[in-house]
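Subject: Structure handover

Hello,

I am passing on the structure we spoke about, together with notes on what turned up in it. Please look through the sequence and the model first, then read on.

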Amino acid sequence: MASKKKEIQLQAVILNQTQWDEMLLNKGLTVVDIYQAWCGPCKAVVNLFRRLKNEYGEDNLLHFAVAEADSVMTLLPFKDKCEPAFVFCLDGKMIDIVRGANGPLLNRKVIELIELERKIVAGDMQRPEMPELLFIEEKESEEEHEEEEAGEEEKCMVVIIKPDAVAEGKVEEIKQLIIEAGSVILAEDKKILTDEQVRNFYESKSEEPDFEDFVLYMLSAPSYILIISERKHGQRSEYLILKLLMINLKEMLQNQDLLHHCDIQDRVEETSRQLAFFFSDFSKQRNEKFVERTLALIRPSLLKERRESILNRIVENGFEIAMQKEITLSEEQAREFYRESENQDYFPYLLDQMTSGPTLALALVRENAIQKWRDLLGPKIIQEAKKQYPQSLRAEFTIHDSPINQLHGSANTNEATKELQFFFPVENTMALIKPSAFEDKDKIINKVKDAGFLISELREAHISPETAAQFYQDHEDKPYYNQLVDFMSKGPSMVMVLTKENAVDEWRQLMGPTDPTKAKETHPNSIRAKFATDIMHNAVHGSSNEEHAKKSINFIFGDIDLESLKYKYIYM
């Protein structure tokens, strides 16, 4: 009975519209679990709410309640909905909602709003205007949800890092702090601002006596412009999301003595206009879904213990593992990859960890892969991940007594490109469609393109015995060598230079095992499984390593610029 009593005290019961209206008069934040009569309140979140009440309820600013949708006129739009809904009420109105029993999200929203409310009550800031949520009709169709998401895309703001800070190399430090504050960098550019851009952004300073000198300063050298947003965690009013973001960022930058190096957009209502000034095609880009790649690292200690569990979580969350490589970094390699962290206290441990054994590097692919992977990872600080995002990978997959987290993800598009190139350098390899598969060349070429290779060079050729001998020099001591050379010179072949990250190994994977019988068993989608008949007539050939590839390519195509082919692949 004691347990029952605690649970009732934890969540007030709202039975009618009058009690709902009285609840809205509560001092502070009230989180209301809206339920259906046939299923009752959500039991899955009670322990979470009890913990939050214990940790944040001492000043009586945090309250919890339950309300049946049928009993309260305001909540009729929720009637007959299967999914639980949690409404956040503050300052006499509904300001936010979470659909579904999403514990980490509920936890995070409560903490954010309570900390904001405490600052307001203490007089540290004025209460921002918070538009009320209106529920005319709960949207259910996929099309409507997509429209909702499209609207959320515009919740962003501009940060300008000033010319002096750019010249002093402060950009990466500020960017890292922005990310640690829970923000996403949606777009960035280093450029000299126009007079119109400076005056528009700093309009609030236009009456200051030295404003014209300031404008000249801002026009004198490149600034660094960022478009940032909060990580997407459900529906929230645009004004509130940006106000919280602005407050958190300014506080963190001030603590690190970096606030004077940059300026954060100070008028939320001007967001769309600011975006148009700095990135004219931004809205169009943000409304388009695009497939991208990001780097993921599983560090040695965790790889040894939980490899398969993590890989399963990655696949379950919609990522395709496009490439993977297990590598033990040398100290020189580790220092190069983490050079921006050299001055951090944890760097010696990080260096020791990254050189202690194999690291698994993964190239992950999906729509908006960079941000999706960072959301799945959770915060870098383990304690924060466990507290605010207990279902994140960094919270779930921790190593006892380790001061650093065990997983890595690229911070933005530029970082992803550099980091993928570090672990999966772009290579050229020589590929050949043999005479026995020449009739299927178009189908094979399509498989090559579908696998992401750039066909940098393509030539139909009648291979001479001398050229065949060059290709198969590694097999010179084999009994079938002469027969193989003779076969290769009996008809036309298609010779290609293929360019891609990790091209040599990727092409050999796509070819499949030498014996097509084995290929059908172990690699049923490989080229040899589909188009080969026996070991001699196994459809395709590929270089065994990058050095062999260079020799073979030069032998067939002459002295071509292989580095320019890599450059073309990267920037196509």
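Asp-96 is a convenient place to start: in this predicted model, the residue is buried, with a relative accessible area of 0%. What does the side chain of Asp-96 meet in a salt bridge? The partner is Lys-109, with N and O 2.8 Å apart. Asp-96 belongs to strand β5 (residues 93-99) and Lys-109 to helix α4 (residues 103-121), so the salt bridge ties together parts that are 13 residues apart in sequence. Lys-109 has a relative accessibility of 1% and therefore counts as buried as well, the cut-off being under 20%.

Other salt bridges

The count of salt bridges comes to 22. Side chains of opposite charge can pair when their charged atoms come close. Two further pairs are worth opening in the viewer.

- Arg-293 and Glu-501 form a salt bridge in which the closest N and O atoms are 2.3 Å apart. Arg-293 sits in strand β10 (residues 291-298) and Glu-501 in strand β16 (residues 492-501), so this pair joins parts that are 208 residues apart in sequence. Arg-293 is partly exposed, at 35% relative accessible area, whereas Glu-501 counts as buried at 5%.
- Glu-396 and Arg-313 form a salt bridge, again with 2.3 Å between the closest N and O atoms. The pair ties helix α18 (residues 393-396), which holds Glu-396, to helix α13 (residues 300-316), which holds Arg-313; these parts are 83 residues apart in sequence. Glu-396 is partly exposed, with a relative accessible area of 39%, and Arg-313 is buried, with 17%.

There is also a network of salt bridges, which links Glu-58, Asp-59 and Arg-118.

Nonpolar cores

In soluble globular proteins, nonpolar side chains tend to be buried together. Here the largest nonpolar core has 28 residues. Those with the most contacts inside this core are Leu-29, Val-31, Phe-49, Leu-52, Leu-62, Phe-88 and Leu-106. Which elements each supply at least two residues of this core? They are β2 (29-35), α3 (46-56), β3 (62-68), β4 (85-90), β5 and α4. The largest share comes from α4, with eight residues.

Leu-29 shows how this part of the chain is packed. Leaving aside neighbours within four places in sequence, Leu-29 is in contact with Leu-61, Leu-62, His-63, Phe-88, Cys-89, Leu-90, Val-110, Leu-113 and Ile-114. A second, separate core of 22 residues includes Ile-179, Ile-185, Tyr-224 and Leu-226.

Cysteines

How many disulfides does the structure hold? The number is zero. Among the cysteines, Cys-42 is buried, with a relative accessible area of 13%, and Cys-89 is buried, with 4%.

Confidence

The chain has an average pLDDT of 82, and 87% of the residues score at least 70. Of the elements, helix α25 (residues 527-531) has the highest mean pLDDT, 95, and helix α5 (residues 142-152) the lowest, 41. The pLDDT is below 50 over residues 136-153, a stretch that has 19 contacts in the model beyond near neighbours in sequence. Residues 232-237 also have a pLDDT below 50, with 26 contacts in the model beyond near neighbours in sequence.

Regards

Key
Residues numbered from 1 in each chain as written. Predicted model: local features only at pLDDT ≥ 70, side-chain atom pairs only at ≥ 80, totals over all residues. Heavy atoms only, no water. pLDDT = per-residue confidence, 0-100. Helix = DSSP H or I, 4+ residues; strand = E, 2+ residues; numbered from the N terminus. Contact = heavy atoms within 4.5 Å. Disulfide = S-S within 2.5 Å. Buried < 20%, exposed > 50% of the residue type's maximum accessible area, 1.4 Å probe, protein only. Salt bridge = Lys/Arg side-chain N within 4 Å of Asp/Glu carboxyl O. Core = buried A, V, L, I, M, F, W, Y, C linked by side-chain atoms within 4.5 Å.
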